[in-house]
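Please take a moment to look over the sequence and the model before reading on. The paragraphs below go from the chain as a whole to a few of its side chains.

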Amino acid sequence: MARHLASVLVKQIIRRSANTSHSTSSNMPKGFLAVYIGETEKKRFVVPVSYLNQPTFQDLLSKAEEQFGFDHPMGGLTIPCREETFINVTSSLSR
């Protein structure tokens, strides 16, 4: 169930960001997704879409869904967590 919700969330955000004038999708390598991380100041990271299937990454997506729903102010996927937390999660996924 959580996996399905994460997939729907990401698809909605990608569709919306593709329609905005500040979309960076043309600069994005195939198979990657831009995410914005931070509780106050947002920093852009590029992650493989394969992370979307990982339970620990899906936990971060659930936090994003709780806070933003489908309305992500940066035009891309915004995840409200500390940068350190995000780096710890993604570091464990890339091993």
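In this predicted model, residues 24 or more positions apart account for 56% of those contacts in the chain that have a separation of 6 or more. The chain holds 3 helices and 3 strands, and, read from the N terminus on, these elements follow one another in the order α-β-β-α-β-α. Of its 95 residues, 36% count as buried, while the area that the chain exposes comes to about 6000 Å², with carbon and sulfur atoms supplying 50% of it.

How far the prediction can be relied on varies along the chain, and the confidence values show where. The average pLDDT of the chain is 75, and 63% of the residues score at least 70. Confidence is lowest in helix 1, which spans residues 2-18 and has a mean of 55, and highest in helix 3, where the mean is 91. Over residues 17-24 the pLDDT falls below 50, and in the model this stretch has 8 contacts beyond near neighbours in sequence.

Which elements are brought together by the side chains of K43 and E83? These two side chains meet in a salt bridge, with 3.2 Å from N to O, and the pair links distant parts of the chain, since K43 belongs to strand 2 and E83 to helix 3, 40 residues apart. K43 is partly exposed, at a relative accessible area of 41%, and E83 also counts as partly exposed, at 31%. The structure holds 2 salt bridges; R82 and E84 also meet through their side chains in a salt bridge, at 3.5 Å from N to O. Here R82 has a relative accessibility of 43% and counts as partly exposed, and E84, with 49%, is partly exposed as well.

Aromatic rings offer another view of how the chain is put together. The count comes to 3 aromatic pairs, and one of them joins F45 and F86, whose ring centres lie 4.9 Å apart with their planes at 50°, so the pair is tilted: an angle counts as tilted when it is neither under 30 degrees nor over 60. F45 lies in strand 2, residues 43-48, and F86 in helix 3, residues 83-93, so this pair ties together parts that are 41 residues apart in sequence. Are F45 and F86 buried or exposed? Both of these residues are buried. Ring pairs also extend the picture to further residues, for they link F45, Y51, F57 and F86 into a cluster.

Methods:
Residues numbered from 1 in each chain as written. Predicted model: local features only at pLDDT ≥ 70, side-chain atom pairs only at ≥ 80, totals over all residues. Heavy atoms only, no water. Phe/Tyr/Trp six-rings, centres within 6.5 Å; stacked < 30°, edge-to-face > 60°. Helix = DSSP H or I, 4+ residues; strand = E, 2+ residues; numbered from the N terminus. Buried < 20%, exposed > 50% of the residue type's maximum accessible area, 1.4 Å probe, protein only. pLDDT = per-residue confidence, 0-100. Contact = heavy atoms within 4.5 Å. Areas by Shrake-Rupley, 256 points an atom, 1.4 Å probe, with all protein chains shown as cover. Salt bridge = Lys/Arg side-chain N within 4 Å of Asp/Glu carboxyl O.
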